[in-house]
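Open your viewer, switch on a cartoon view and keep the selection box handy. We will walk through the structure one stop at a time.

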Amino acid sequence: MIIVKNLDKYFGKEKVLNNISLEINKGDIFALVGHSGAGKSTLLRCINGLENYGIGTLKVFDKEIKELKKDELREFRKNVGMIFQHFSLMQRKTVYENIALPMQLWKYDKKEIDKKVMELLELVGLSNKKDSYPSQLSGGQKQRVAIARALTLDPKILLSDEATSALDPNTTASILELLKKINEKLGITIVIVTHEMDVVKSIAQKAILLEHGNIIGSGYIEDLFLQPDEKMKKFLGEEEVVPETGINIRLHFPKEIAQYSIVTHMARTLNIDFNIVWGKLEKINTHVIGSLVINIEEKDEENVTEYLNEKNMRWEKA
Amino acid sequence: MFEKILLPAIGETLYMSLTATFLAVLLGFIPAIMLILSDEDGLKPNAKLYRSLDVVINTLRSFPFIILMIILFPVTKMIIGKSIGTTAAIVPLTIGAAPFIARLIESALKEVDKGVVEAAKSFGASNFQIIFKVMIVEALPGIISTITLTLITVVGFSAMAGAVGGGGLGDVAIKYGYYRFQTDVMIYTVMALIVLVQFFQSLGDYIYKITKK
């Protein structure tokens, strides 16, 4: 649905996106992750033509965005809704009027607008607030209005630019719930830009990680977080302290066997003792994944590795 | 004295300042929108257009009003048919106030949240729609303040219209109060001006409050 190939973008002389390639399929919830200044918002804005790009291709519905003419681009944008960090609602219009605005600009029939706005108010759970002004709403409610507005023209893609970054954790969770619902119920492909790892883990299926305009990791969320490579670890800011004596073995628990009691089973089977020196469990979407570092004596190494291979565990020396 | 001098003068002041402000708003809106469009981060950046408008506006604004009035004599004559009188005074008042209003409307439009403009783009609004259906709507309270401010400034400027036979309260204050040492007339005209300015400001504030949500 969205295909990016070898895309470069400059701001003046500074290269902000370097050789970006990615593919987003219909129905995905795809995350562009990075620290501030990594270029993720810029990349997102290229998708609906709010930013242009120099070299490379970016195709949405098989259309090259940079080749669209002004009116074609406007027409195209009907298919791509967008929500923002600071909601970007009109202060002088009511909730109802804000949501109705895109349809009014596209000259929809009044009855049709009314029906659609009511429907969307219902969807985002703000039917009782339709005559309120944005200044009377909480942050979460404002974002719900913005989401409703982004959906009025029946887009196939929803772009979310740090939509939860200005919200508290509980509100963030409820907005993410709503986005998930929209993804499942309406089948809308969602591309989110965020610097919050918790957001990525709880909602996205796939992600790319951006740093200084480069992709430093991409793939399914489980894989990215389960077996992070050096770059990824640095990116996540994780650091583990493990003993210097003996042998440290890191075990990865992918979703299928996260709940298995493999560690205690190994201790009993091999009749050895070892220390658990580091560990972490994380909830990603609905799965639990985790990793654990155990410290064993050198003489046990062979037995342990043999056992782990036999059980098809994913492991490495730490 | 009240009916013969003060009342007609109030009428002239109202006529000059209201008409001139109204025309200045119409005249000032166009360059204001062109400034907003052509600004560096505007909808259609155009450095040349922006710079030239900028220079023209600054030049017009640097003229002392009384000088501007004299320079504009030929223009006034062309438009009104004569260069003195109350109606004639409206021409320089308008041209003096228009660049002022253009600047103020520009800054009111600049205050509009960039995010709202971006959101409008994201659902396919045209530049025309962004200006008229989004930016001006959002900036309306600011524009109201601008008009109030201009109206009061024009009331002040209109005092100088006496120099071209424009009449008005300022003219009365100078003619009777200053040249003829009629202190009572001076006090009455000043009081009338105070009431007028108060009234315009309160009205402006009231409309601002209604439009501000």
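Which residue in β8(A) does A31(A) stand opposite? Select both strands before you look, and keep in mind that this is a predicted model. The partner of A31(A) is I192(A).

**Stop 1: strand β3 of chain A**

Select residues 29–34 of chain A, which make up strand β3. The strand is mostly covered, with six of its six residues buried. Turn on the side chains and look along the strand: I29(A), A31(A) and V33(A) point one way, while F30(A), L32(A) and G34(A) point the other way. Residues on both sides are buried.

Now add residues 189–194 of chain A, strand β8, which runs parallel to β3(A) and is joined to it by five bridges. Next add residues 206–211 of chain A to bring in strand β9. Here, too, the strands run parallel, and five bridges join β9 to β3(A). For a landmark on this pairing, label G34(A) and L210(A), which stand opposite each other.

**Stop 2: salt bridges within chain A**

Side chains of opposite charge can pair when their charged atoms come close. The structure holds 18 salt bridges over all chains, and we will visit a few of them.

Select K15(A) and D8(A), whose side chains meet in a salt bridge at 3.4 Å, N to O. Is D8(A) buried or exposed? At a relative accessible area of 12%, D8(A) is buried, because the limit for that class is under 20%. K15(A), with a relative accessible area of 33%, is partly exposed.

Then move to D154(A) and K116(A), where the closest N and O atoms of the salt bridge are 2.5 Å apart. This pair links distant parts of the chain, 38 residues apart. D154(A) sits in the loop between α5 (139–151) and β7 (157–161) of chain A, and K116(A) belongs to helix α4 (residues 110–124) of chain A. Colour by accessibility and you will find D154(A) partly exposed, at 48% relative accessible area, whereas K116(A) counts as buried at 15%.

**Stop 3: across to chain B**

Show both chains and select the residues in contact between them: 21 of chain B and 24 of chain A. About 2,000 Å² is buried between the two chains, and carbon and sulfur atoms give 56% of that area. Highlight S122(B), F123(B) and K213(B), which supply 34% of the area that chain B buries against chain A, more than any other three residues.

How many salt bridges are counted between chain B and chain A? The count is one. To see the pair, select E118(B) and R45(A), whose side chains meet at 2.6 Å, N to O. The count of residue pairs in polar contact between the chains is eleven, both residues being at pLDDT 80 or more.

Colour α6 (114–122) and α7 (127–158) of chain B next, as each supplies at least two residues of the side that touches chain A. The largest share, seven residues, comes from α7(B). Coloured by class, this side of chain B shows eight nonpolar, six polar and seven charged residues.

**Stop 4: a salt-bridge network in chain B**

Stay with chain B and select D39(B), R51(B), D54(B), R103(B), E106(B) and K110(B), which are linked in a network of salt bridges. Zoom in on D39(B) and K110(B): the closest N and O atoms of their salt bridge are 3.9 Å apart. D39(B) lies in the loop between α1 (2–38) and α2 (47–62) of chain B and K110(B) in helix α5 (residues 86–110) of chain B, so the pair ties together parts that are 71 residues apart in sequence. D39(B) is buried, with a relative accessible area of 12%, and K110(B) is partly exposed at 36%.

**Last stop: T189 of chain B**

Finish in helix α9 of chain B, residues 183–211, by selecting T189(B). Its relative accessible area is 0%, so T189(B) counts as buried. Show contacts and you will find that T189(B) touches L6(B), L169(B), V172(B) and A173(B), leaving aside residues up to four places away in sequence. What does the side chain of T189(B) reach at 2.8 Å? Draw the distance to M186(B): the atom reached is its backbone oxygen.

How values were computed:
Residues are numbered from 1 along each chain as its sequence is written. Chains are lettered from A and ligands numbered from 1 in the order in which they are written. This is a predicted model: local features need pLDDT of at least 70, side-chain atom pairs count only at pLDDT 80 or more; totals for chains, interfaces and linings use all residues. Side-chain values use heavy atoms; hydrogens and water are left out. Buried means under 20% relative accessible area, exposed over 50%, partly exposed in between (1.4 Å probe, protein chains only). Helices (H or I, at least four residues) and strands (E, at least two) are DSSP runs, numbered from the N terminus. Two strands pair if DSSP finds at least two bridges between them. A polar contact is a pair of N or O atoms within 3.5 Å; within protein, one must be able to donate a hydrogen and the other to accept it, and residues adjacent in sequence count only if both atoms are side-chain atoms. Contact means heavy atoms within 4.5 Å. Buried area is the accessible area (1.4 Å probe) that two parts lose on being put together, summed over both. A salt bridge is a side-chain nitrogen of Lys or Arg within 4 Å of a carboxyl oxygen of Asp or Glu. Ala, Val, Leu, Ile, Met, Phe, Trp, Tyr, Cys and Pro count as nonpolar, Asp, Glu, Lys and Arg as charged, and the others, Gly among them, as polar.
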